[in-house]
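Me: I would like to learn how to read annotated sites against a model. Can we go through one case together?

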Amino acid sequence: MMIPEDLYQAATKMLTRAYVPYSHFPVGAALLTKTGEIYTGCNIENAAYGSTNCAERTAIFTAVAAGQRQFKALLITGKTTEVIVPCGACRQVISEFCADEMPVYLTNQTGKIKQTTVGQLLPGAFTAEDLTHE
Ligand SMILES: O=c1ccn([C@H]2C[C@H](O)[C@@H](CO)O2)c(=O)[nH]1
Ligand SMILES: [Zn+2]
């Protein structure tokens, strides 16, 4: 399967920036905007483990903080045996900013690739439309 090579290279570079003194499990992510820019992220851990930020959320938050809201594709990579998969918190954040149909490429560093979509990663996501109340 073909993946966007520029996204793969950008996410792979992030593996060297990951701050992972606790898990020793680097993850990299690259997010493509509809206008063609790439925003990247790595996981950033914390001595208070729960304060860790995952690579995907770092990429999304960096892009949003830079004024970007329109996204076209996301790629995640890790040094895993199988492809890396996003955690629940990341699936929720991805759903906030990316359309259900948007492609997400799950990869590793040995050439395994799985193409999925935002909607497949979190079917029935809680969204702004669910925030109505009486
Ligand atoms: O898709 C994923 C899965 C895990 N992690 C991070 C969180 C933590 O730093 C380490 C181990 O869970 O990997 C990510 O960044 N993205
Ligand atoms: Zn996560």
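Me: Which residues does UniProt list for "binding site"?

Reply: The unreviewed UniProt entry lists Asn43, Ile44, Glu45, Asn46, Ala47, Ala48 and Tyr49 under that heading. Of these residues, Asn43 and Glu45 are included in the lining of the largest pocket. Keep in mind that the model is predicted, and that such annotations may be inferred rather than shown by experiment.

Me: Where is asparagine 46 found?

Reply: Place a residue among the helices and strands before looking at its surroundings. Asparagine 46 sits in the loop that runs between strand E2 (38-42) and helix H2 (55-65). Alanine 47 has its place in the loop between E2 and H2 as well.

Me: Is alanine 47 buried or exposed, and how does asparagine 46 count?

Reply: Exposed means over 50% relative accessible area, and partly exposed lies between 20% and that value. Alanine 47 has a relative accessible area of 58%, so it is exposed. Asparagine 46 is at 32% relative accessibility and therefore counts as partly exposed.

Me: What is asparagine 46 in contact with, leaving aside its neighbours within four places in sequence?

Reply: With those neighbours left aside, asparagine 46 is in contact with Tyr22, Ser51 and Thr52. Closer along the chain, a polar atom of the asparagine 46 side chain lies 2.8 Å from the backbone nitrogen of alanine 48.

Me: Which residue does UniProt list for "active site", and is that residue buried or exposed?

Reply: The unreviewed entry gives Glu56, a residue that lies in helix H2. Buried means under 20% relative accessible area. Glutamate 56 has 4%, so it is buried. Leaving aside neighbours within four places in sequence, glutamate 56 contacts Val27, Ala29, Ile76, Pro86, Cys87 and Cys90.

Me: How should I read arginine 57, and which side chain of opposite charge is nearest to it?

Reply: For a buried charged residue, look for a partner. A salt bridge needs a side-chain nitrogen of Lys or Arg within 4 Å of a carboxyl oxygen of Asp or Glu. Arginine 57, in helix H2, is buried and has no salt bridge; the nearest oppositely charged side chain is that of glutamate 56, 6.4 Å away. Not counting residues up to four places away in sequence, arginine 57 touches Thr52, Cys87, Ala89, Cys90 and Val93.

Me: Which residues of helix H3 are buried, and what covers them?

Reply: Helix H3 spans residues 88-97, and Cys90, Val93, Ile94 and Ser95 are buried there. Their cover includes H2, strand E3 (71-78) and helix H4 (118-121).

Note on methods:
Residues numbered from 1 in each chain as written. Chains lettered and ligands numbered in written order. Predicted model: local features only at pLDDT ≥ 70, side-chain atom pairs only at ≥ 80, totals over all residues. Heavy atoms only, no water. 1 Å grid on protein atoms, 1.4 Å probe; cavity = no way out; pocket = protein on both sides within 12 Å on 5 of 7 lines; lining within 4 Å. Helix = DSSP H or I, 4+ residues; strand = E, 2+ residues; numbered from the N terminus. Buried < 20%, exposed > 50% of the residue type's maximum accessible area, 1.4 Å probe, protein only. Contact = heavy atoms within 4.5 Å. Polar contact = N/O pair within 3.5 Å; in protein donor to acceptor, adjacent residues only side chain to side chain. Lys, Arg positive; Asp, Glu negative; His and termini not counted.
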